[in-house]
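Work through the following exercises with the sequence and the model side by side. Try each task before you read its solution.

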Amino acid sequence: MEINMEEMKEKFKEEGYKLTTQRRAILDAIIENHEKHLSPEEVYDIVKAKYPEIGIATVYRTLQLLEKLNIIYRVNFDDGYNRYELCNDSENHQHHHLICLECGKVMEVKLDLLESLEKQIEEQNNFKIINHNVKFFGYCADCQV
């Protein structure tokens, strides 16, 4: 995943924040593990290995800030945890997820066939849709055996 750190620094600066070492470490953990949909505790464990002095509260505050700056967004897979994913400016909507009920594996679905349905819903309900979030629950190939 290609992330321009200069753009990130500028985004922080525009909003009156600094990209501190701890914030950078948290952002790096999310970038390096972008396919894993990390929980705050998982981010903390990754960052703590390199920066043992970091506190869990710092991780939570930084995740909130990154979300506020539209660098990441929060997803919930109905497993009792909030998880975080990098925002992708090239996507109009969040992508969809396949969630295995047996092992908990989460897979991303890039295909989005809901645009015509969105238009129909908007017209019928006089409602402007900004985004949608779809989760499919079932069993992955490994758990179907």
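**Exercise 1.** Find what covers the buried residues of helix α3, and then decide on which side of the helix they lie.

*Solution.* The cover over the buried residues of α3 includes α2 (21–32), α4 (56–68) and β2 (82–86), where helices (H or I, at least four residues) and strands (E, at least two) are DSSP runs numbered from the N terminus. Next, list the residues themselves: in α3, which spans residues 40–50, P40, V43, Y44 and V47 are buried, a word that means under 20% relative accessible area, while exposed means over 50% and partly exposed lies in between (1.4 Å probe, protein chains only). These buried residues cover an arc of only 100° around the axis, so they sit on the same side of α3; the arc is taken from the directions that run from the helix axis to the C-beta atoms. Finally, turn to the face of α3 that points away from its buried side, where the exposed residues D45 and A49 are found.

The model is predicted, so local features need pLDDT of at least 70 and side-chain atom pairs count only at pLDDT 80 or more, whereas totals for chains, interfaces and linings use all residues. Residues are numbered from 1 along each chain as its sequence is written, and side-chain values use heavy atoms, with hydrogens and water left out.

**Exercise 2.** Describe the largest nonpolar core and state which element supplies its largest share.

*Solution.* A nonpolar core is a set of buried Ala, Val, Leu, Ile, Met, Phe, Trp, Tyr and Cys residues joined through side-chain atoms within 4.5 Å. The largest one has 23 residues, of which I26, L27, I30, V43, L66, I71 and I72 touch the most other members. At least two residues of this core come from each of α1 (5–14), α2, α3, α4 and β2, and α2 gives the largest share, 6 residues. Another core, of 5 residues, lies apart from this one and has Y73, V75, I99 and V106 among its members.

**Exercise 3.** Explain why C143 forms no bond with the closest cysteine sulfur.

*Solution.* Begin with the count: the structure holds 0 disulfides, a disulfide being a pair of cysteine sulfur atoms within 2.5 Å. The cysteine sulfur closest to that of C143 belongs to C140 and is 3.7 Å away, which is too far for a bond. As for their surroundings, C140 counts as buried because its relative accessibility is 4%, and C143 is partly exposed, with a relative accessible area of 23%.

Notes. Contact = heavy atoms within 4.5 Å.
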